[in-house]
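Got your viewer open? Let's take a short walk through some charged side chains, one selection after another.

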Amino acid sequence: MTVTADLHGFRLERLRALPVLGGSLGEYRHESGARLLHVAAPDESSTLSVSFRTPPLSDAGHPHVLEHLVLMGSRRFPARDAFQAWQRWQLLDYLNASTTRDWTAFTASGTVPEDLLGTLEFLLDATFHPLLEDGAFRQEAWRAQPDGTLGGVILNEMSGAYAHPARRLREATGAALFPDSAYAWASGGTPQALPDLSVEDVRAYHARYYVPANLTVFAYGSLPLGEVTRRVSEVLRDLPRGVAAPFPVPVSTGRSELTVTHPGSAQTLACWALPAGLSPLEVQGLNVLGLALLGHPDAPLHRAARALGGTLADGSGLHADTAQPVLAAGVAADVEESVLMEALLDVLRAPLAPEDVRAALGRYTLSALDTQHHGFPYGVQLSFDVLGAAHHGHDPLPQALAGAAQALQALPDLPGFLGDLARRLLVENPHRSVVCLRVAPDPTPRVVTPAGAASVASSGASVTAARLAARPLAERVRLPDAPLLHATEVLGVPVQAAQVPGSLTQFSLSRDLPADTALLGWLPAYLHLLGRSPLGRTMTREVQALGATWSVNADTTHDPLDPARVTLSVTLNVRGLSERVPDVTARLGQEWAVLSPVPANARQLLRDRAAQLRTLRPTQAAPLGMLRAALAVNPGFMVREACDGTLGHDLLDAAAAHPALEDALAALHAALWSRTHLRGVVVADRPAGTLPDVLSPLLVGLPLEASGTLSPLSAAPTWPELPGSAALAWPTVPFAHPDAPAFTVLGRALQDALHAPVRAQGGAYAVTVRALPEAGVLLAVSARDPHPERTLDVFGAATSYLGELRGETLEAARLGAVRQVLPLRSRAMLARQAALDAQFGFTAHRAAFLDGLLTVTPEDLARVLARLAAQAAPDLGAVAAPVSSSAFALGAS
């Protein structure tokens with residue numbers, strides 16, 4: 001490998017191989033003090049991140065507010081909506097900003113090098129030269145409203161975040177374990193303290209921390225390193241060096257107990273701060289230890305929580321978002337701190353079961369070797385691991401990619417090694433706390449006099465200022481190569497197979513069901529209980545020990561000619577190390593039809609799950625509202641509502657109360673997994689003709705036909721209100737209709753047009769407008785919205801906010817539509833999608849639809865816009881209130 005030691009002022013300090021990626025990690029230092037971490041890898045999907053160490057100074061949210069404001073206009077890109085405008089013009093798979101406990105990152109990922117390098121320039125200008133306008137601060141952070149209440153995007157965001165008990169527990173864990181440190185404060189800001197922050201505070205914070213000496217740039221993939229360093233150096237050249245923020249100082253003691261409140265959840269969580277200076281092997285051993293203790297529903301700490309009268313507490317697990325890792329475990333119940341601690345210490349003192357250790361090591365090994373993109377860029381995931389270590393003063397080398405799994409496997413006594421870690425770092429570690437979450441109402445929101453109300457008017461800078469010259473869209477988009485599928489049959493089951501390079505094999509077995517089947521009502525209960533059953537617990541241990549994972553899920557596919565016709569599919573997914581997959585399928589075949597799919601405490605588990613989902617409704621209002629609005633215009637969404645919506649909560653309660661629960665679930669399991677009517681997809685690094693052989697050991701263990709009967713399960717929907725979100729749905733056209741691409745482009749144009757008016761009128765944290773072309777629906781939804789009624793007014797008049805849909809506006813909307821329908825996927829996922837397209841009749845229409853996206857004309861948009869504007873209110877699905885109160889019952893299959 002040829003290495004350039006000096007690149008535009010960046011000097012190479014260290015270079016190390018990353019065998020798993022077929023690349024290397026290079027650490028560079030600029031003469032200004034800035035740091036560059038470069039992961040070279042033969043991946044066409046590259047990632048760039050600009051990051052700063054940003055310790056919070058109080059609960060007022062300095063880092064979080066600054067994260068928002070730097071993206072709202074800068075020296076080169078002065079528009080208030082610069083970030084949204086930039087997104088419209090770049091063909092990226094990911095562009096976002098993140099405020100962690102003590103560092104902030106602005107990250108982009110994509111497969112078009114010119115767009116990604118241009119985005120690096122945009123992010124550097126935004127972070128080093130932001131406008132930090134008063135009006136932007138009042139819009140994003142907080143402001144007094146005419147009625148005397150407080151508004152603001154971040155204020156609303158954090159109010160929504162703190163509605164989730166997990167957020168309160170996690171913040172309290174930092175305050176308990178690391179008092180008098182930056183981790184004692186909420187970096188995102190609390191709703192109570194945010195109004196103490198001023199725009200002058202934010203400007204001073206920016207001047208202190210957004211300086212070259214405090215900058216770390218991360219680059220991953222196959223981008224030319226010289227181009228990255230040149231563009232960064234040009235920005236740093238004339239800037240004052242500044243001073244890097246100090247690394248976190250190790251803390252050795254904390255508070256023994258801390259009580260915080262939540263209006264609807266009582267939980268008790270024990271947490272340990274692990275000491276600084278652990279060896280790489282110890283750090284990776286802790287990852288395996290965490291999986292052994294918590295990695296599946298029958299793991300030791302899960303069992304301890306059940307014995308204490310509840311499920312595992314939110315926030316349980318091994319966390320690396322602080323400089324000293326934290327292990328936490330507890331119970332979602334109000335218990336005495338001493339009782340919880342003694343129960344946990346009993347688990348930690350006990351020898352680890354070899355089967356739990358094997359399962360944990362197998363799962364860890366799989367995660368270390370799985371570098372594919374599963375709907376999310378791998379480089380972005382890797383950036384958080386590398387940057388988290390770097391900003392905490394640790395070695396940024398990802399040990400998982402440097403042979404740590406092999407080193408752990410080579411230990412003569414891994415259970416003993418992990419048991420010694422548990423003893424030294426947990427049982428004998430006095431740096432521990434117990435956080436008690438107790439039920440109590442939140443403080444009354446602050447009210448100010450109306451005289452304090454202030455304008456949030458924009459500076460009026462041109463939105464198009466954010467656009468750099470770019471090639472035409474048709475030249476920038478590369479449609480994915482269609483994978484070659486090999487159709488065959490294994491023991492009577494039709495299988496589509498594809499050969500994809502890599503060390504992983506992925507396969508699935510699915511059964512398609514009619515939407516009105518009696519099986520549907522029972523599915524929410526079955527899916528929740530299966531992993532907690534004797535079958536699920538045994539399979540999880542054994543399959544993970546072989547370096548694989550499994551899951552069962554339900555999904556729906558709309559008909560390309562009639563989106564109201566829906567096929568429900570229940571699928572077993574398995575992903576694992578290729579050389580061990582035959583062992584995995586053999587284990588599944590031996591046990592899948594023999595062990596019980598129903599846990600002994602099934603009824604209580606269902607009641608607990610229903611109660612938990614109701615507690616979390618305020619944090620899930622946006623997806624729940626979007627689903628309910630879609631249902632109002634397309635009855636096919638009733639299937640999805642039964643599985644994922646509030647109706648699913650009611651079905652869980654109905655199942656828990658049903659006298660024949662155990663028999664019904666056993667019959668459902670038998671009906672789902674008999675070989676008749678199953679179909680398979682296999683993706684692996686083997687010749688296509690031999691791929692289906694991996695299924696034989698599993699299929700031979702399944703019965704040929706279903707047995708038993710299953711009665712329908714009925715539930716009366718409660719249709720609860722969904723505070724904090726507004727949703728509106730418009731019916732469009734079937735996927736095969738020539739206008740489907742134009743509706744998809746129109747959805748992206750509306751997304752761009754409605755972002756500003758929704759934030760200005762209602763103060764919602766986010767708004768999403770998206771066409772679902774396969775489902776024949778166009779949806780608009782807001783999240784963390786304090787005034788959903790105002791947002792619904794904006795949605796109802798959506799077409800009036802659109803400008804002229806031609807020229808640059810049309811090009812931006814088409815680009816956004818392409819990003820939506822062509823997300824970054826691994827080759828395995830592309831092959832699976834091709835098989836599903838063939839199964840459900842989309843193949844004949846997919847190419848025409850994609851071509852239509854690139855060639856949508858202003859006349860096409862005018863036609864579909866007129867159709868949308870002509871729809872009367874009764875034809876729409878608007879959700880700020882329940883849809884209906886009719887009973888829901890599923891007929892017999």
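Select E227 to start: E227 is partly exposed, at 23% relative accessible area (partly exposed sits between buried, under 20%, and exposed, over 50%, using a 1.4 Å probe on protein chains only). Before going on, note that this is a predicted model, where local features need pLDDT of at least 70, side-chain atom pairs count only at pLDDT 80 or more, and totals for chains, interfaces and linings use all residues. Residues are numbered from 1 along each chain as its sequence is written, and side-chain values use heavy atoms, leaving out hydrogens and water.

Now add R231, which is buried at 16%. Its side chain meets E227 in a salt bridge, 3.0 Å from N to O (a side-chain nitrogen of Lys or Arg within 4 Å of a carboxyl oxygen of Asp or Glu). Both lie in helix α8, residues 225-236, four residues apart (helices are DSSP runs of H or I, at least four residues, numbered from the N terminus). Widen the selection to R76, E121, R230 and E234: together with E227 and R231 they are linked in a network of salt bridges.

Next, jump to helix α22 and pick D644 and R640, again four residues apart. Their closest N and O atoms are 2.7 Å apart in a salt bridge. D644 is partly exposed at 45%, while R640 is buried at 13%.

Stay in helix α22 for E641. What does the side chain of E641 reach? It reaches the backbone nitrogen of L647, at 2.9 Å. E641 is buried but has no salt bridge, with R628, the nearest side chain of opposite charge, 5.2 Å away.

Conventions. Helix = DSSP H or I, 4+ residues; strand = E, 2+ residues; numbered from the N terminus. Lys, Arg positive; Asp, Glu negative; His and termini not counted. Polar contact = N/O pair within 3.5 Å; in protein donor to acceptor, adjacent residues only side chain to side chain.
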